[in-house]
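User: Could you take a close look at one part of this structure for me? I would like to understand the salt bridges and how open their partners are to the surroundings.

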Amino acid sequence: MGDVIIQVEELSKAFQLGTIGTGSLSQDINRWWATSVLKKEDPFYSPHSAGKTGSSKNHKTFWALQDLTFDIKQGEVWGIIGNNGAGKSTLLKIISRIVKPTKGVVRGNGKISSLLEVGTGFNQELSGRENIFLSGYILGMTKREIKAKFDEIVDFSGIEKFLDTPVKRYSSGMYVRLAFAVAAHLEPDILIIDEVLAVGDAEFQKKCLGKVKDVSQSEGRTILFVSHSMQAVSNLCDHALWLQKGRLMETGPASTVINNYIKGIRKFQLHHTWDNMVEAPGNEIIRFKSVRLIPQFNDLDSPLDIRVPLTVKFQFWNLGGEQNLSVGLHLFSYGGDCIFDIPSPSVPCQKGLVEGECTIPGNFLNDGSYYMSLIVVKDTSVNLFYYEECLSFEIDDYRGDIKWFGKWMGAVRPTFPFHIGQKELVTQA
Amino acid sequence: MINSTPKNDWEWEITAKTKWGMDFKELWYYRHLASSLVRKDFLLNYQQTILGPIWLLLQPLLTLLTYILVFNKLIGVSTGALPPVLFYLSGIVIWNFFHDTFIGTSFIFRENAQIFNKVYFPRLIIPFSQLGTQMFRFAIQFAMLAAMMAYYVIFKDYTLPFNYLTFTLPFVILLVGLTGLAMGLIFSVITAKYRDMVHLVSFGVRLLMFFTPVLYPVDYVPEKVRWIVQFNPLTSFFELFRLALLGEGTTTAWSLGYSVGLSLLLLGCSLLFFNKQGDKLIDVV
């Protein structure tokens, strides 16, 4: 481990919501004329509210990142963790030079390659061979590098037979394999990866993770890795960086940061209620009024453990008029793996309040932390609103008279009928 | 390395500001990307087509036929001392080069937003490869023009000029391409910001054609309004192109100097503008 290879100093990024341009030249000229020449108020963001609320309220500025400062040393593998919208991708994009920061500096040494998606620069019409070159160049490889690695890339992807077939005729698995194979043979000093490993089949994912691990261990390369999967991060990374709402919460050894992150987001939300429709989560068609998780205790003193059935009750306003609606319930473990996805039947709904409930039986989920998302679907096919992470909760362990205290494996712990008994006795000779 | 790098000695730095000026070393590093994109354009245009590259020749030929019918036979626009076929075809070929370069670069940010959002490379590579593609297409169409000229020389006793002006041809062609590139670069930024400008681009370039001596020689324009046509920097390039190639065309050193100066100035400004705006546009597109 050696020198600092990336230095980030007071990095901030603001997005102007809707104020960068109105999207039409005549309006922009109009606006420029009004604000810059006549010194009047912006005609397109008229402050209908109290006149002195200041520009910060009218010009909605969204700070995707605020004042990040950290150093990354050569050869370190960093995991970047945080909730959705914490600014992880923005950070990667700034370091990759795709997006400009609003304030602050990133300095560094060496060549950077970033894999923010699988198959950047691939063209559907071209053959696999052409695409290896095209994508390689776009990712910053030189002609010599690609030629030297060509056979290795083809080997890794396992598509020799289809090298001269247009990639549009590939199966999606083949496509992903080829795309990753090109990316995996990049030789930058700093490699930036954004959850690209979340595609492909399990076996291929394993291969990819293995490749990343190889690269980081044997070749001393610096890697920045964003993932929702805590397992992948703790597996691959020795350092972690935790972002929350654009702010740096913690940096340090991966295991410590991951632990604190999981503890930190365990502010369990068992119910949400909104009386004011404007503030409620949703859009112009669907707005949620309430979501509640009600444990069906036998007596009130008992803990929320694996035996307790859980009822989810929710209400939402249907603002879209008469339509067939169904609701899907997605349950996730804190690692981000989906445990199940159950849809409700689709029923005709009128404009107004709609309610529903679903019960997860007791003795089904394993102990651990979970979060849940609700999706409202029209005609069982059109997604109207996805309410992500609306509830989160923790289920305690209960083992009865089992005298073993190790971590119980598995995502679920159902009690299926299970029988063992004495079949016959060994008779003493 | 034994000593740690001093604080101010970094290979690269990312800040809020974009520096004016260009990084030629980086552009050179990505040269293979540019050539690969030219290759891609070519493969894409002619894979799975019946006539393939013949389209490249068919389009100017059909245009030529229309121009001869409408402007020469019907309206009777003079083509000077030149045979109409050579006059129009030379105009069409060089105009196509300008037009396609301009249109091809005008929508770069809109069309490549997806890639620009996912990977970094010098954005100028895309317009440069576009210019390369168009040069290639021009070369093919020019070859057809040359064949047509050869036909006239052999069968119609037409004599071609060959003098010092012939050597200006490559420069004229390059300047026309660079003017198209420069205008395209500026409009690529504008169309990314303002969706309504798309109409202006396609409509404006059509109007521009009438202010460029494609269909008529500059001599044919009445003296009083000739300045309007000569205000267009392309005019003297087109005239010089015909003069050098076919021996007919009117241009003066002054107007040529004006055209060269203006198009190089335009090119310089557009490159800086594109570079400077390019980083910010990612937030918008």
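Analyst: Happy to help! A residue is called buried when its relative accessible area is under 20%, exposed when that value is over 50%, and partly exposed in between. With that in hand, take B:Arg39: its relative accessibility is 46%, so B:Arg39 counts as partly exposed. Please keep in mind that this is a predicted model.

The side chain of B:Arg39 meets that of A:Glu130 in a salt bridge, with 2.3 Å from N to O. This pair crosses between chains: B:Arg39 sits in helix 2 (residues 31-46) of chain B, and A:Glu130 in helix 4 (residues 128-138) of chain A. A:Glu130 has a relative accessibility of 17%, so A:Glu130 is buried.

Now look at another contact, where B:Glu13 and A:Arg107 form a salt bridge through their side chains at 3.2 Å, N to O. Here B:Glu13 belongs to strand 1 (residues 12-14) of chain B and A:Arg107 to strand 4 (residues 103-108) of chain A, so this pair joins two chains. B:Glu13 is partly exposed at 43% relative accessibility, whereas A:Arg107 is buried, with a relative accessible area of 14%. A:Glu9 comes into the picture too: A:Glu9, A:Arg107 and B:Glu13 are linked in a network of salt bridges.

If you want to put these contacts in context, the structure holds 13 salt bridges over all chains.

Note on methods
Residues numbered from 1 in each chain as written. Chains lettered and ligands numbered in written order. Predicted model: local features only at pLDDT ≥ 70, side-chain atom pairs only at ≥ 80, totals over all residues. Heavy atoms only, no water. Salt bridge = Lys/Arg side-chain N within 4 Å of Asp/Glu carboxyl O. Helix = DSSP H or I, 4+ residues; strand = E, 2+ residues; numbered from the N terminus. Buried < 20%, exposed > 50% of the residue type's maximum accessible area, 1.4 Å probe, protein only.
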